[in-house]
Structure formats: C-alpha cells, structure tokens
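Good morning, and thank you for coming. I would like to present one protein structure to the group, and I invite you to follow along as I speak.

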Amino acid sequence: MWHVMDARVELRRSARARRWRLEVPWGGPARLTAPKWMSGAEIDRVLAEMRPWVEEQRRKQVPRLGLELLSVCRSEACTGARELVSAVAEEEAERLGVSYRRIRIGDQRTLWGSCSPSGTLSFNWRLVLAPLEVLDYVVVHELCHLRVPNHSDRFWTFVEQCRPHWRDQREWLREFGPELLGFRPAD
Ligand SMILES: [Zn+2]
C-alpha cells in the first residue's frame, strides 16, 4: 500500500504496463498500476497530481442502486444467478444455433461475462442484482461470441440482430456497473 498524503493507494507493479494507470473502484482503495521501472519519486508526483481527479471520482460514487438495503447471501445469489443465466442461455443458444459446454458463475471484480474457446461461459453472480434485461444482454453477448470470438463490426451486427436495444443495456452497465461490481455481501 502506497500513501499519498492521507489517501491510501494500492500499488501494483506490472511487467507489461507501458505507462501508469489509475483506477478508483467503488468500495476499495484507489489502485495505481505502474510499469516496473517507474521510480518512487515519479509515483509520488503522479499521485499528487492526480489527487483532485481521485477525489472527483469519489464524489461521483454516490450509491443509487439501494444495495445497502439488501440482505443477500452470496451462495443464495449465486444459485439465483445460475438459474436465470441458464434459462436465458438454453433458450437463446438454440435460437442462435450455437452450443456451449458449461456455465460458470463467479465472483469477478471487473467482468460481467466471458467466453472461453472451450465453450465455457462465465458470468458474474452480481448480474442477478441487475435488471433482467441487463442479465439477458450479457448472456446473449457471450453466446454471440461463440459465433464471433471478437468485438468486430460483424460481432456487433450479430448482437444487434439478437437484441436491437442492446445499447440501452450496455449504457446501464456503464452507468451503474461500477457500483454493482463494488457490492460485497456480508458473508
Ligand atoms: Zn464481448
């Protein structure tokens, strides 16, 4: 942990990073990913310079989803997520003419869904706390990757055919996703 004045910043050294990157996740300390060769003095300088920006991000992090009122236990929520995700995936895979091997529900910190080349679809259990159309979009998005494994124009055209209003759901994830990803149930 790095300290800049009174603010705690988690420092991650990366062999691959070409330049530094600063993130301010909900409910966690700010995180600086720094190239291996970045000196302590340079880190201090960047953090001092970026401090107003970090504070601005924090000010914007006003809870709007009412998650603090929920009494959710993680295992229950995972079961709920698995049921919903599986129901959508089964129905849509058939419609899209794709097949997957299995569904994994995980506790990813940054991701909503992913699709492995072997056909395993992984989803964040927090999707169960999002509007159903958002969960539906994330599942359909990953199923579309079974047909087109990248984010090319062809991929988005395919997504658009399946879910003409996909942009609304992506917008919801941009707007509320960081708050939802920061949610940690008590258990
Ligand atoms: Zn994707």
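I shall speak about a metal site, then about charged pairs, and finally about a patch on the surface.

Please keep in mind that this is a predicted model.

Let us begin with the metal. Which residues are the protein donors of the zinc ion? They are H141, H145 and H151, each through its NE2 atom, lying 2.0 Å from the ion. Along the sequence, these donor residues follow the spacing H-x3-H-x5-H. H141 belongs to helix α3, which covers residues 132-147, whereas H151 sits in the loop between α3 and α4, so the pair ties together parts that are 10 residues apart in sequence. Is H141 buried or exposed? H141 counts as buried, because its relative accessibility is 10% and the limit for that class is under 20%. H151, in contrast, has a relative accessible area of 51% and is therefore exposed.

I turn now to the charged pairs. As a general principle, side chains of opposite charge can pair when their charged atoms come close. How many salt bridges does the model contain? The count comes to 16.

Consider D107 and R74, whose side chains meet in a salt bridge with an N to O distance of 2.7 Å. This pair links distant parts of the chain: D107 is in the loop between β5 and β6, R74 is in helix α2 (residues 74-96), and the two are 33 residues apart. Both partners are partly exposed, D107 with a relative accessible area of 31% and R74 with 21%.

A second example joins E23 and R31, where the closest N and O atoms are 3.6 Å apart. Here the partners fall into separate classes: E23, at 25% relative accessibility, is partly exposed, while R31, at 17%, is buried.

A third salt bridge brings together the side chains of E160 and R167, at 3.3 Å from N to O. E160 is partly exposed at 33%, and R167 is likewise partly exposed at 46%. Beyond such pairs, salt bridges that share partners join E91, E92, R95, D136 and R163 into one network.

Finally, let us look at the surface. Which residues form a positive surface patch? The patch is made of R82, R101, R102 and R104. One of these, R102, lies in strand β5, which spans residues 102-106. R102 has a relative accessible area of 43%, and is therefore partly exposed.

Thank you for your attention.

Notes. Residues are numbered from 1 along each chain as its sequence is written. This is a predicted model: local features need pLDDT of at least 70, side-chain atom pairs count only at pLDDT 80 or more; totals for chains, interfaces and linings use all residues. Side-chain values use heavy atoms; hydrogens and water are left out. Patches are made of residues with over 30% relative accessible area and no salt bridge: like charges are joined within 9 Å, nonpolar side chains (Val, Leu, Ile, Met, Phe, Trp, Tyr) within 5 Å. Accessible areas come from the Shrake-Rupley method with a 1.4 Å probe; for residues, only the protein chains shown count as cover. A salt bridge is a side-chain nitrogen of Lys or Arg within 4 Å of a carboxyl oxygen of Asp or Glu. Lys and Arg count as positive and Asp and Glu as negative; His and the chain ends are not counted. The place of a charge is taken as NZ of Lys, CZ of Arg, CG of Asp or CD of Glu. Helices (H or I, at least four residues) and strands (E, at least two) are DSSP runs, numbered from the N terminus. Buried means under 20% relative accessible area, exposed over 50%, partly exposed in between (1.4 Å probe, protein chains only). Donors are N, O and S atoms within 2.8 Å of the metal (3.2 Å for Na, K and Ca); water is not among the atoms, so sites may look incomplete.
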